[in-house]
Amino acid sequence: VKSLMKTFQDAMYVAMKPGFCYIWIDSLCIVQDSKSDWTREALKMRTVDSNSDLNIAATSAHDGR
């Protein structure tokens, strides 16, 4: 966990604090430089997001650190 960017660490903390055991981080779960992977996984994001109990958006992290 310590090798992850601070933004990911913070998201994990926020998710674990109320007792969540799982976290989906788009940029870790989708190959960012692969159009085919993004296209395939993007179709799943609606289901993942709509079935989640908690959504976190890192909207102001400069570079994820």
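Ile30 is buried, at a relative accessible area of just 3%. This residue sits in the loop that connects H2 and H3. Measuring aside, bear in mind that what you have in front of you is a predicted model. Ile30 and Asn51 lie 21 residues apart in sequence, and their C-alpha atoms are 18 Å apart in space.

**The overall layout**

The chain has 3 helices and 0 strands, and its pattern along the sequence reads α-α-α. Its C-alpha trace spans about 35 × 25 × 20 Å along the principal axes. Of the 65 residues in the chain, 18% are buried, and Ile30 belongs to that group, at 3% relative accessible area.

At the other end of the scale there's Ser3, which is exposed with a relative accessible area of 74%. Ser3 is found in the segment before H1. Ser3 and Trp38 are 35 residues apart along the chain, and 24 Å separates their C-alpha atoms.

**A nonpolar patch on the surface**

Which residues form the nonpolar patch on the surface? They are Tyr13, Val14, Phe20, Ile23, Leu54 and Ile56, and together they have about 510 Å² of accessible area.

Two members are worth a look. Val14 lies in helix H1 and is partly exposed, at a relative accessible area of 40%. Leu54 is found in the segment after helix H3 (35–50), and it too counts as partly exposed, with 35%. Both values are over 30%, the cut-off for joining a patch, so Val14 and Leu54 can be counted in.

Val14 also shows how the patch draws on separate parts of the sequence: Val14 and Ile56 are 42 residues apart along the chain, yet their C-alpha atoms are 8.5 Å apart in space.

**The largest pocket**

Now for the empty space. The largest pocket has a volume of about 770 Å³. Its lining takes in 27 residues, and the closest to the pocket centre are Ile23, Trp24, Ile25, Leu54 and Ile56. Helix H1 (6–16), helix H2 (26–29) and H3 are the elements that give two or more residues to this lining.

Which of them gives the most? That's H1, with 6 residues. Sorted by class, the lining has 17 nonpolar, 6 polar and 4 charged residues.

Pocket and patch have names in common. Ile23, Leu54 and Ile56 are among the residues closest to the pocket centre, and they're members of the surface patch as well.

**Salt bridges**

Side chains of opposite charge can pair when their charged atoms come close. The count in this chain comes to 4 salt bridges, and the table lists some of them.

| Pair | Closest N and O atoms |
|---|---|
| Asp10 and Lys6 | 2.7 Å |
| Lys44 and Glu41 | 3.3 Å |
| Arg40 and Glu41 | 3.9 Å |

Take the pair in H1 to begin with. Asp10 and Lys6 are 4 residues apart in helix H1, so about one helical turn separates them. Both partners are partly exposed: Asp10 has a relative accessible area of 35%, and Lys6 comes in at 44%.

Then there's the group in H3. Lys44 and Glu41 are 3 residues apart in that helix, so they too are separated by about one helical turn. Lys44 is partly exposed, with a relative accessible area of 41%. Salt bridges that share partners tie Asp37, Arg40, Glu41 and Lys44 into one network.

Buried or partly exposed: which is Glu41? Glu41 counts as buried, because its relative accessibility is 9% and the limit for buried is under 20%. Glu41 pairs with Arg40 and also with Lys44. Arg40, for its part, counts as partly exposed, at 44% relative accessibility.

How values were computed:
Residues are numbered from 1 along each chain as its sequence is written. This is a predicted model: local features need pLDDT of at least 70, side-chain atom pairs count only at pLDDT 80 or more; totals for chains, interfaces and linings use all residues. Side-chain values use heavy atoms; hydrogens and water are left out. Patches are made of residues with over 30% relative accessible area and no salt bridge: like charges are joined within 9 Å, nonpolar side chains (Val, Leu, Ile, Met, Phe, Trp, Tyr) within 5 Å. Accessible areas come from the Shrake-Rupley method with a 1.4 Å probe; for residues, only the protein chains shown count as cover. A salt bridge is a side-chain nitrogen of Lys or Arg within 4 Å of a carboxyl oxygen of Asp or Glu. Buried means under 20% relative accessible area, exposed over 50%, partly exposed in between (1.4 Å probe, protein chains only). On a 1 Å grid over the protein atoms alone, a cavity is a set of points where a 1.4 Å probe fits but cannot get out, and a pocket is an open set with protein on both sides within 12 Å along at least five of seven lines; lining residues have an atom within 4 Å of a point. Grid points are joined across faces, edges and corners, and a volume is the space filled by probe spheres set on the points. Ala, Val, Leu, Ile, Met, Phe, Trp, Tyr, Cys and Pro count as nonpolar, Asp, Glu, Lys and Arg as charged, and the others, Gly among them, as polar.
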